[in-house]
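Me: I would like to learn how to read the rings and side chains in a protein model. Could you take me through one?

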Amino acid sequence: MPVAASAIYFLNLRGDVLINRLYRDDVGGNMVDAFRTHIMQTKELGTCPVRQIGGCSFFYMRISNVYIVIVVSSNANVACAFKFVVEAVALFKSYFGGAFDEDAIRNNFVLIYELLDEIMDFGYPQNLSAEILKLYITQEGVRSPFSSKPSDKPVPNATLQVTGAVGWRREGLVYKKNEVFLDIVESVNLLMSSKGSVLRCDVTGKILMKCFLSGMPDLKLGLNDKIGLEKESQLKSRPAKSGKTIELDDVTFHQCVNLTRFNSEKTVSFVPPDGEFELMKYRITEGVNLPFKVLPTIKELGRTRMEVNVKVKSVFGAKMFALGVVVKIPVPKQTAKTSFTVTSGRAKYNAAIDSLVWKIRKFPGQTEPTLSAEVELISTMTEKKSWTRPPIQMEFQVPMFTASGLRVRFLKVWEKSGYNTVEWVRYITKAGSYEIRC
């Protein structure tokens with residue numbers, strides 16, 4: 001159910017009503033007095049943005065020196081209500097030159113009333129697109145002397161945006177060089193035992209795109225996901241090609257993706273927005289290719305000495321390399337002195353985080369650098385509890401490698417003018433929560 005707001009109020013910090021609009025007759029005009037008495041004049045203001053007084057609910061948000069309060073008398077969608085407030089404020093700022101405060105409201109009473117009638121009807125949100133509304137409500141707001149100048153951006157086709165055909169892209173775009181940049185960025189989350197067995201592992205990924213294309217292009221993206229390849233083989237009436245396929249979980253798409261075509265053909269087809277955007281997000285829980293294996297050995301020699309040996313093996317190809325590798329090995333708080341021997345990179349003791357920090361700027365594939373350290377501890381009589389070993393943590397970035405095995409099979413661009421495009425594809429795998437028990 002949408003918001004179904006009964007009324008909306010704009011109050012200053014003293015609780016005075018600057019402007020209000022009643023959309024339904026199921027609440028009285030004195031509801032703002034209940035908000036002032038039970039919320040603004042108590043210490044509960046700011047603790048929770050949703051309050052229920054009597055039979056009504058109050059959703060409120062502070063923007064600059066103004067409180068925007070939505071009153072509902074029925075069970076409403078809270079997230080939708082706050083989304084409406086955020087979009088409405090952005091709309092007002094576009095009319096007022098970027099400013100939204102008490103002075104801007106006082107200077108634009110007539111314009112605000114006109115906008116409130118357009119963006120909400122009988123308590124239900126309507127079109128809040130500033131580009132569309134400015135085609136019909138042409139009155140300019142009173143701008144603050146510190147506000148930005150209005151942009152000279154071309155006005156989009158209103159019919160397309162109102163019908164929802166391609167509301168994220170305007171017509172008439174022209175580029176001398178038509179290019180598409182596609183990045184597959186993945187984060188590996190791992191919890192591994194000290195013996196090398198995987199306790200928990202998953203990959204969260206996203207496909208980022210940056211498009212500089214003329215006209216209204218239609219793009220088609222093919223991945224090596226299992227469902228997509230099986231559907232393609234069915235449509236072409238031939239067996240699927242051999243090779244690694246992956247199963248994507250929890251997939252979410254940008255609004256530009258044609259979901260009807262995806263459900264029927266399992267291909268990602270879309271008319272892209274101009275510039276940079278996030279095409280899709282996904283998660284992988286099976287068949288994860290770990291970029292690193294860590295084998296730690298920590299020996300406590302009495303109460304005053306420790307020996308630490310850590311071997312890190314890069315599992316990816318020998319022609320690849322990782323950048324910015326950081327291994328954080330925890331040590332007890334009473335560490336007094338450390339000495340290191342490393343076969344690659346540099347290491348030091350960081351007392352602020354009670355860890356030995358081993359950094360390798362460039363880590364080649366199929367190599368096994370090691371760290372050996374001797375740790376001297378301060379013996380204290382008060383330290384009776386045994387040291388609980390926190391996990392080793394890793395940070396890294398591996399270009400041209402995906403832990404999920406996801407690959408782009410093709411990226412096709414079609415536009416009625418038939419221009420040539422240049423496509424760039426890049427893969428990056430980063431450490432999310434990469435931990436190894438020791």
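Reply: Happy to! Keep in mind that this is a predicted model. Let's begin with one ring: at 27% relative accessibility, Phe-212 counts as partly exposed.

Me: Why does 27% make Phe-212 partly exposed?

Reply: Because buried means under 20% relative accessible area and exposed means over 50%, with partly exposed in between. Phe-212, at 27%, is therefore partly exposed. Tyr-175 also counts as partly exposed, with a relative accessible area of 24%.

Me: How many aromatic pairs are there in the whole structure?

Reply: A search finds 14 aromatic pairs. One of them joins Tyr-175 and Phe-212, with 5.8 Å from centre to centre and 70° between the planes. Planes over 60 degrees apart count as edge-to-face, and that is the label for Tyr-175 and Phe-212.

Me: Which parts does the pair of Tyr-175 and Phe-212 tie together?

Reply: Tyr-175 is in the loop between α6 (158-163) and β8 (179-192), while Phe-212 belongs to strand β9 (residues 198-212), so the pair links parts that are 37 residues apart in sequence.

For a second case, look at Phe-253 and Phe-262: their ring centres are 4.8 Å apart and their planes meet at 65°, so this pair is edge-to-face as well. Phe-253 is partly exposed at 23%, whereas Phe-262 is buried at 18%.

Me: Which residues form one aromatic cluster?

Reply: Try selecting Phe-292, Phe-316, Phe-363, Phe-396, Phe-401 and Tyr-434, which make up one aromatic cluster.

Me: Where does the charged end of Arg-24 sit?

Reply: A charge can sit over the face of a ring, and here is such a case. The charged end of Arg-24 is placed over the ring of Phe-122, 4.2 Å from its centre. Another example is Lys-134, which lies over the face of Tyr-95 at 5.4 Å from the ring centre.

Me: Now a helix, please. Which residues of helix α4 are buried?

Reply: In α4 (residues 109-119), the buried residues are Leu-111, Ile-112, Leu-115, Leu-116 and Ile-119. Around the axis they cover an arc of only 135°, so they are on the same side of α4.

Me: And Tyr-113: what does this residue form with Phe-109 and Val-110?

Reply: The three of them form a nonpolar patch on the surface, with about 270 Å² of accessible area together. Tyr-113 lies in helix α4 and counts as partly exposed, at 35% relative accessibility.

How values were computed
Residues numbered from 1 in each chain as written. Predicted model: local features only at pLDDT ≥ 70, side-chain atom pairs only at ≥ 80, totals over all residues. Heavy atoms only, no water. Phe/Tyr/Trp six-rings, centres within 6.5 Å; stacked < 30°, edge-to-face > 60°. Helix = DSSP H or I, 4+ residues; strand = E, 2+ residues; numbered from the N terminus. Buried < 20%, exposed > 50% of the residue type's maximum accessible area, 1.4 Å probe, protein only. Lys NZ or Arg CZ within 6 Å of the ring centre and 35° of its normal. Arc of directions from axis to C-beta. Patch = residues over 30% accessible without salt bridge, like charges linked within 9 Å, V, L, I, M, F, W, Y side chains within 5 Å. Areas by Shrake-Rupley, 256 points an atom, 1.4 Å probe, with all protein chains shown as cover. Salt bridge = Lys/Arg side-chain N within 4 Å of Asp/Glu carboxyl O.
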